[in-house]
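Here are a few exercises to work through with the model open beside you. Try each task before you read its solution.

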Amino acid sequence: MKLSVKLPLLIIFLVLFFTIGYQSIFYIQIQQNIVDSRISEAKSIIQLSSDEFRNSVYFLNYETINLQIENLKRNPLIENVMIMHPDGRIISDGTISNENFDVILNDDFILSSINSDKLNLRLDDDIIHLSTPIKIIDKIGILYIDYSLSDVNQILENTFFVILVFSSILGMVGIVVGISISTSITKPITKIKILSNKIAQGNFETNFDLEKSSTTEINDLQKSLQEMTVNMKKYQSDIIKAERFSAIGELSARIAHDIRNPLSVISNSIFVLERVKNDPEKFKKVVERMNRAEQRITHQIDEVMDFLRNTNLQIEEIHLKNMFDLLLSELPDTDELKINPPKNDVVIFADKTKLNALFSNLIMNAFQAIQKDGTITIMILESNDKIHISVEDSGPGVPEEDIENIFEPLFTTKQEGTGLGLASCKKIIEQHKGTISVKNNPTIFTITLPKNQET
Ligand SMILES: Nc1ncnc2c1ncn2[C@@H]1O[C@H](COP(=O)(O)OP(=O)(O)OP(=O)(O)O)[C@@H](O)[C@H]1O
Ligand SMILES: [Mg+2]
């Protein structure tokens, strides 16, 4: 599961867990407090009243007893009041008829009150039953009261509603704060992830508009990532430099070796020229051989220079059809060679000299692949802000095992090749922010270039 989902869910869970937990504990405590205060209220009422009943009970003055019961009943929380003899017979229950007079109620609580010498209490659902002895030295009676708890439920309901509203607001605030905290963590982490992916793909030009986070560790992580990228970029350019030096070394050895052959052809021919100077036919052949040797040397040097030269792009408008027509016209005009130039013209903005070198290399490779006998086709396609150019030839294709290497500098399968042609092409294409790919059957090199170069 993604961190951006996991963290908010965790926070929401914690907020709900704590608000509901806190709400329940708070509610139970309030309930306890209300019942406790009712009990102590009832206890003090019954204790005070038992003193007041002493005289009236001692003299069995029913009128005063009933008056006192009536007074007690004025308290809306007092539901029943009874005065009993010490043996449990009812003296008065406050009713005018006094119909329970002298009855002993068959009730556990009353029976236990008869045998007790102190205050008794029993808690039912919504009533507190209390009894206490009425004493003048000895127990002369029992005072019994039912104290109501029925309004407590209403109070608790109201309290529950208040707590619910309060907890809901608290919970919502908690969730909003939690989500904003989690976003402040996950947003920079997501950005770091995107950047890391770019770095992993070798893009060290990563744009560091990272978000300043309120979390120190995230800021540290971003800083390390930034430092790492700067270092990686430096190492990369060091590696490129080292690679280039080693390539230059290899190249120099190769050039020295490759130039030696045509040079010895030229130096041999100089001697031969002297001997054949009177035979125009032979003289012409020797000069032609010298010419070919000189062309090989020039080609080697041109390729090397093209590859090593690191110049900035000189952007100008290019009519691709014109460019290809010119390049293709340099190929020999023979019956064996069939050339299909591009049918359409597309205008792009790029470096003309470099594109000339790029396509001349590809066309030359195609020409060499078909060995002067076959077809070369160039096609140009447009899509939005890009163009796709394909150079196709009817040659045998690139051996599968070579496909990975053909863009590497110095890779060649040709006797007189430098192996720099496609490496230069790749360099030019990358400089233009384009791509190159190759496929066989038929052999097609496809180049994609942006129509405009961003400045
Ligand atoms: N159209 C093609 N068909 C088949 N193989 C090709 C084609 N183009 C390139 N290759 C293969 O890729 C290799 C590298 O090509 P690249 O242009 O870099 O060097 P080269 O052609 O060998 O040398 P140079 O360009 O200096 O003449 C070639 O030697 C060849 O094996
Ligand atoms: Mg080539």
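A residue counts as exposed if 12 or fewer other C-beta atoms lie within 10 Å of its own, and as buried if 20 or more do. Keep in mind throughout that this is a predicted model.

**Exercise 1. The start of the chain**

Decide whether Lys2 is buried or exposed, and find how far its C-alpha atom lies from that of Thr186.

Solution. Begin by placing the residue: Lys2 sits in the segment before helix 1 (3-58). Next, count its neighbours: 8 other C-beta atoms lie within 10 Å of Lys2, so Lys2 is exposed. Finally, turn to Thr186, which is 184 residues away from Lys2 along the chain; the C-alpha atoms of the two are separated by 9.5 Å.

**Exercise 2. Two domains**

Give the bounds of the domains and the separation of their C-alpha centres.

Solution. Domain 1 covers 3-153 and domain 2 covers 311-450. From the C-alpha centre of domain 1 to that of domain 2 is 104 Å.

**Exercise 3. A five-stranded sheet**

Work out the strand order of the open sheet of five strands, then describe how strand 12 pairs with strand 10 and with strand 11.

Solution. Start with the layout: the order is 7-9-10-12-11, and the pairing is mixed. Strand 7 (337-340) and strand 11 (435-439) are the edges, each pairing on one side only. From one strand to the next, the twist averages 15 degrees.

Now take strand 12 (residues 443-450). With strand 10 (residues 386-393) it forms eight bridges in the antiparallel sense; here Val391 has Phe445 of strand 12 as its bridge partner. Strand 11 also runs antiparallel to strand 12, and five bridges join the two. Across from Thr435 you will find Thr448 in strand 12.

Last, look at the turn. The hairpin of strand 11 and strand 12 has three residues between the strands, and Asn441 takes a positive phi near 55 degrees there.

**Exercise 4. The surroundings of ligand 1**

Find how many residues surround ligand 1, which helix gives the largest share of the shell, and how the shell divides by class.

Solution. First, the count: 23 residues surround the ligand, and the closest are Asn365, Thr412, Gly417, Gly421 and Leu422. Two elements, helix 8 (352-370) and helix 9 (421-431), give two or more residues to this shell. Helix 8 provides the largest share, with four residues. By class, the shell holds eleven polar, eight nonpolar and four charged residues.

Technical notes. Residues numbered from 1 in each chain as written. Chains lettered and ligands numbered in written order. Predicted model: local features only at pLDDT ≥ 70, side-chain atom pairs only at ≥ 80, totals over all residues. Near = placed C-beta within 6 Å. Nonpolar A, V, L, I, M, F, W, Y, C, P; charged D, E, K, R; others polar. Pairing = 2+ DSSP bridges. Axes fitted to C-alpha atoms, helices over the stretch in contact; angles between N-to-C directions. Domains from an automatic or database assignment.
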